[in-house]
Amino acid sequence: MTIIKDAVVTIDYTIKDSEGKIIESADGELLSYIHGSQTLAPGLEKALEGKENGHQMEVTLAPEEAFGVRDEELVREVSLEDFEDSSEVSPGLVFHADLDGEVRFYTVLSVEDDTVAIDGNHPFADKTLTFDVTVTEVREASEEELEHGHVHGEHGHHH
Ligand code: ZN
């Protein structure tokens, strides 16, 4: 079967920056997703469309097609009191929160007295990235998976 909307696709992948340095890889943890569910970088989903199991490719994507362009409005300050456990809050901490109607991952930039500076941009924002991808499985999604919006089983979601 080829990769079409609602197919469950499993991939092995490596992501390199524009200098060829590997910045992320599956490292044995294959990734399963439902095609068309906007789980992957948009350009990568597009590139996988119509491919088959075993397909191997290298695709270079501009930030707009990868993890987005930096938005300085996502850099903001919050109060230390807003955190459940303020002793945990230190630069580099990543957490998710809904501060503007959308759940995002934020990274703590600095903590000064009661003020915490956070950044909601993806760490790979503004980067042109090269994805080395091998498709290792393509199958139909079960009705349950489509209902839940995520993949069940070995490389997916465990309930
Ligand atoms: Zn589920």
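## The β7-β8 pair and its sheet

Let's start with two strands: β7 (residues 103-112) and β8 (residues 115-119) run antiparallel to each other and share five bridges. One of the residues to look for is V111, whose bridge partner in β8 is V116. Keep in mind that this is a predicted model.

Zoom out a little and you find an open, four-stranded sheet with antiparallel pairing, in the order β5-β8-β7-β6. The edges belong to β5 (75-79) and β6 (94-98); each has a single partner strand, so one side of each has no neighbour in the sheet. On average, neighbouring strands here are turned by 45 degrees against each other, ignoring direction.

## Two domains

The protein splits into domain 1, which takes in 7-67 plus 125-148, and domain 2, which covers 72-119. Measure between their centres over C-alpha atoms and you get 29 Å between domain 1 and domain 2.

## The zinc site

Now for the metal. The zinc ion is held by four histidine nitrogens: ND1 of H148, and NE2 of H150, H152 and H159, at 1.9 to 2.2 Å. Along the chain, the donor residues follow the spacing H-x1-H-x1-H-x6-H.

Why call the site tetrahedral? The angles subtended by the four donor atoms run from 95 to 122 degrees, and that range makes the arrangement tetrahedral. For reference, the ideal angle for four tetrahedral donors is 109.5 degrees.

As for how open the ligands are, H148 counts as partly exposed because its relative accessibility is 36%. H150 is partly exposed too, with a relative accessible area of 22%.

Terms used. Residues numbered from 1 in each chain as written. Predicted model: local features only at pLDDT ≥ 70, side-chain atom pairs only at ≥ 80, totals over all residues. Heavy atoms only, no water. Donors = N, O, S within 2.8 Å, 3.2 Å for Na, K, Ca; no water. Tetrahedral: all angles 85-135°; square planar, octahedral: opposite > 155°, others 65-115°. Buried < 20%, exposed > 50% of the residue type's maximum accessible area, 1.4 Å probe, protein only. Domains from an automatic or database assignment. Pairing = 2+ DSSP bridges. Axes fitted to C-alpha atoms, helices over the stretch in contact; angles between N-to-C directions.
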